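Please read the following report alongside the sequence and the model, beginning with the packing of the interior and moving on to the arrangement of the sheet.

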Amino acid sequence: MSDISITITDREGVSHEVQAPTDMNMNLMEVIRSYELAPEGTIGICGGMAMCASCQCYIESDHNLPEKGDEEEAMLSEAFFVRENSRLGCQINISPELDGLKVTLAPEE
Ligand code: FES
């Protein structure tokens with residue numbers, strides 16, 4: 001058993017501290033969905049294939065995240081509201097190193 005804690009600010013600006021399991025092969029987008037922090041149909045539209053950007057979030061803490069893959073780079077280069085610290089939530093696997101992560105959901109496109 002190994003849960004980590006993640007602080008997620010939703011699109012209304014409300015912040016939620018949630019627990020996420022590191023042993024269930026989940027990604028950040030799935031965690032956000034499982035806590036219903038974004039309305040159904042506004043996040044995870046492509047099912048986590050790095051093809052929709054509906055799971056875009058801004059990384060607010062100073063964690064060392066795995067590098068972006070080519071698909072993620074390509075999607076973020078076309079998405080709206082992209083910032084320096086944008087990542088696709090579905091490309092970030094929940095791992096013990098991410099304990100204390102803070103993210104903010106990007107606006108809906
Ligand atoms: S869910 Fe579509 S890009 Fe992440």
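In this predicted model, the largest nonpolar core has 30 residues, and those with the most contacts inside it are Ile 6, Ile 8, Leu 28, Leu 88, Ile 94 and Leu 101. Two or more residues of this core come from each of strand 1 (3–9), strand 2 (15–21), helix 1 (28–34), strand 3, helix 2 (70–78) and strand 5, with helix 1 giving the largest share, four residues. For Leu 88, the residues touched, leaving aside those up to four places away in sequence, include Ala 50, Ala 53, Cys 55, Met 75 and Leu 76, together with Gln 56 and Glu 72.

The sheet is open and has five strands in the order 2-1-5-3-4, with mixed pairing. Because strand 2 and strand 4 each have a single partner strand, they stand at the edges, and one side of each is left without a neighbour in the sheet. From one strand to the next the twist averages 40°.

Strand 3 (residues 56–59) is covered on both faces, with Gln 56 and Tyr 58 buried on one side and Cys 57 and Ile 59 buried on the other. Strand 3 pairs in the antiparallel sense with strand 4 (residues 86–88) over three bridges, and three bridges also join strand 3 to strand 5 (residues 101–105), again antiparallel. Residues that stand opposite one another across these pairings are listed below.

| Residue in strand 3 | Opposite residue | Strand of opposite residue |
|---|---|---|
| Cys 57 | Arg 87 | strand 4 |
| Tyr 58 | Ser 86 | strand 4 |
| Cys 57 | Leu 105 | strand 5 |

Helix 2 lies across strand 3 and strand 4, and runs at about 125° to strand 4.

Key. Residues numbered from 1 in each chain as written. Predicted model: local features only at pLDDT ≥ 70, side-chain atom pairs only at ≥ 80, totals over all residues. Heavy atoms only, no water. Buried < 20%, exposed > 50% of the residue type's maximum accessible area, 1.4 Å probe, protein only. Pairing = 2+ DSSP bridges. Core = buried A, V, L, I, M, F, W, Y, C linked by side-chain atoms within 4.5 Å. Contact = heavy atoms within 4.5 Å. Axes fitted to C-alpha atoms, helices over the stretch in contact; angles between N-to-C directions.
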